[in-house]
Amino acid sequence: MEKIAASVKALKIELNKVKDNALLVGFFKNKFTLSGEIKKLDNESSNIISSYIKNNKFKGENGEVKNIYSNKSIKNIVLAGLGEEEKYNFDILTNTTADISKKLRDNGTESFSIFLSSFNNGNFKDEELVEKITLSSLMGLYKFTEYKTKDKDKIEYINQITIITDSDKNFDKEIKYASVVADAVNKTRDFVNTPPNIATPQYVANYAKELAKKNNLKCTIFDEKQIKKMNMGCFIGVAQGSINKPRFVVIGYNGSEKSKKPIAIVGKGVTFDSGGLNLKPYPYILNMKDDKGGALASIHVIEACAKLKLPINLIVVTPLCENMIDASSFRPDDVLTAYNGMTVEIKNTDAEGRLILADALSYAAKSKPEAIIDIATLTGASMVTLGYVATPFLASDEKLSEKIKIASKKSLEKVWELPLWPEFEENLKSDVADIKNISEEGDAGVIIGATFLKNFVNDAPWVHIDIGTTVWSKVDKGVLVKGATGATVRLMMEMLREWR
């Protein structure tokens with residue numbers, strides 16, 4: 001799935017000497033006094049910018065975009081409205097950059113430049129701006145065209161993005177970080193978007209193995225016989241109804257001393273979820289290829305950490321299977337035995353994600369990691385909780401919770417913490433086993449899911465991230481593109497690079 005990705009560079013050059021297909025210049029609302037480089041460019045371009053602003057009533061509103069077409073060294077000067085200067089923030093910067101990048105691409109532009117200082121209200125460091133501009137433009141330009149056969153030669157791409165700066169600073173570090181993270185986000189999108197008849201458990205496992213080989217990572221893949229022998233009864237129970245056999249993938253990265261405990265990331269990898277015998281009705285069965293979003297995010301996070309040589313030790317655990325209907329499918333009222341020995345009464349076969357995670361979390365906990373983070377498209381209840389705007393999470397450890405919140409602010413992936421109160425444990429008590437896999441009342445779905453998972457992490461600091469809704473986007477706006485979002489990749493990378 002190799003894609004044509006734009007190259008990004010920072011260049012110190014006078015604005016009037018720029019030669020490019022387009023130049024992007026930011027303006028705050030009702031602040032049009034031209035100065036410095038922009039004034040010089042305007043003067044040498046027959047006052048094209050100042051005249052256009054005056055004659056076309058450009059106000060600099062947030063989201064406002066005007067194009068000035070020129071026959072000189074810059075073919076198209078793009079005026080980008082940033083809104084009120086005092087309300088300007090990174091969300092506005094990233095969405096503006098992503099949206100205009102898409103528009104330029106779709107207009108046939110092959111390269112463009114961005115005048116860095118015009119996007120700074122004085123509250124941000126140039127390094128921050130360069131990183132956010134790089135990441136947002138590369139994310140915004142994402143397209144999934146793998147299975148298109150018509151007019152593929154007409155698909156437009158941006159080849160080069162140049163950030164014009166008046167600084168002597170070297171921004172290679174920021175551009176590399178943002179490019180690696182954007183690549184991880186977009187690869188995650190690719191695989192989540194890949195149809196389930198292609199992206200089977202074996203297919204994803206083979207990909208993980210190849211990825212590990214390319215990045216000198218340790219990778220172990222367990223097949224269905226080994227999984228059974230390991231007594232992962234919950235995982236096998238979910239997987240046994242499918243002709244496509246399960247795989248259990250463990251990837252390790254050592255960027256620190258071997259004596260240092262690893263951080264464990266566990267990603268849910270249901271490559272297609274029919275709901276099992278509790279079959280999902282239409283239209284909820286659509287897009288169930290996205291139920292592997294946690295696994296793919298985890299796999300690409302560890303690859304990004306290796307590329308950036310982050311000074312941490314990391315282990316990624318991804319149980320991969322399908323939840324399908326067959327004579328051998330697991331049933332409501334079955335009792336399955338998890339890897340840690342707990343027995344689980346099945347009340348709904350469509351609550352399968354927590355079952356495969358139970359065994360994966362127990363496996364990860366056995367290594368006594370510094371922390372465990374699970375990423376899972378666990379519940380539809382996440383829609384009721386926060387809609388498409390943010391991702392709910394729950395944590396057993398305050399320090400780990402704070403790391404997630406700080407990473408959220410920096411990465412711009414919005415999250416919100418829900419409580420893990422002991423009162424919810426009553427909802428999962430079973431008459432015939434140690435625990436039920438759902439609450440039969442159906443309330444507090446996100447919290448109940450996390451309450452179930454808490455039984456399988458031992459005493460390790462743990463956080464559960466439910467991307468049941470934010471894994472998918474129905475809009476093409478800002479850094480979002482219709483389809484898979486690559487949810488949590490930016491969040492995880494921000495947290496891991498600042499890990500102490």
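**Close-up views of a surface patch, a pocket and two cavities**

Ile325 is partly exposed, because its relative accessible area of 44% falls between the limits of 20% for buried and 50% for exposed residues. The model shown in these views is predicted.

**View 1. A nonpolar patch on the surface includes Ile325.** Ile325 belongs to the loop that runs between strand 11 (313-323) and strand 12 (335-337). Together with Leu277 and Leu279, Ile325 forms a nonpolar patch on the surface. The accessible area of Leu277, Leu279 and Ile325 together is about 270 Å².

**View 2. The largest pocket holds about 1100 Å³ of space.** The lining of this pocket consists of 35 residues, and those closest to its centre are Lys280, Met288, Thr379, Gly380 and Ala381. Helix 11 (381-386) supplies at least two residues of the lining, and so does helix 13 (445-453). Sorted by class, the lining of the largest pocket comprises 15 nonpolar residues, ten polar residues and ten charged residues.

**View 3. The largest cavity has a volume of about 60 Å³.** A search of the whole structure finds three cavities of 30 Å³ or more. Four helices each give two or more residues to the lining of the largest cavity: helix 4 (126-140), helix 5 (172-193), helix 12 (398-411) and helix 14 (489-497). The lining is made up of Glu131, Lys132, Leu135, Tyr177, Val181, Lys410, Ser411, Arg490 and Glu494. Helix 4 makes the greatest contribution, with three residues. By class, three residues of this lining are nonpolar, one is polar and five are charged.

**View 4. The second largest cavity encloses about 40 Å³ of space.** Its lining is formed by Thr94, Lys132, Leu135, Ser136, Met139, Ser411, Leu412, Val479 and Arg490. Lys132, Leu135, Ser411 and Arg490 appear both in the lining of the largest cavity and in that of the second largest cavity. Helix 4 again gives the most to the lining, here with four residues. The lining of the second largest cavity divides into four nonpolar, three polar and two charged residues.

Terms used
Residues are numbered from 1 along each chain as its sequence is written. This is a predicted model: local features need pLDDT of at least 70, side-chain atom pairs count only at pLDDT 80 or more; totals for chains, interfaces and linings use all residues. Side-chain values use heavy atoms; hydrogens and water are left out. On a 1 Å grid over the protein atoms alone, a cavity is a set of points where a 1.4 Å probe fits but cannot get out, and a pocket is an open set with protein on both sides within 12 Å along at least five of seven lines; lining residues have an atom within 4 Å of a point. Grid points are joined across faces, edges and corners, and a volume is the space filled by probe spheres set on the points. Ala, Val, Leu, Ile, Met, Phe, Trp, Tyr, Cys and Pro count as nonpolar, Asp, Glu, Lys and Arg as charged, and the others, Gly among them, as polar. Patches are made of residues with over 30% relative accessible area and no salt bridge: like charges are joined within 9 Å, nonpolar side chains (Val, Leu, Ile, Met, Phe, Trp, Tyr) within 5 Å. Accessible areas come from the Shrake-Rupley method with a 1.4 Å probe; for residues, only the protein chains shown count as cover. A salt bridge is a side-chain nitrogen of Lys or Arg within 4 Å of a carboxyl oxygen of Asp or Glu. Buried means under 20% relative accessible area, exposed over 50%, partly exposed in between (1.4 Å probe, protein chains only).
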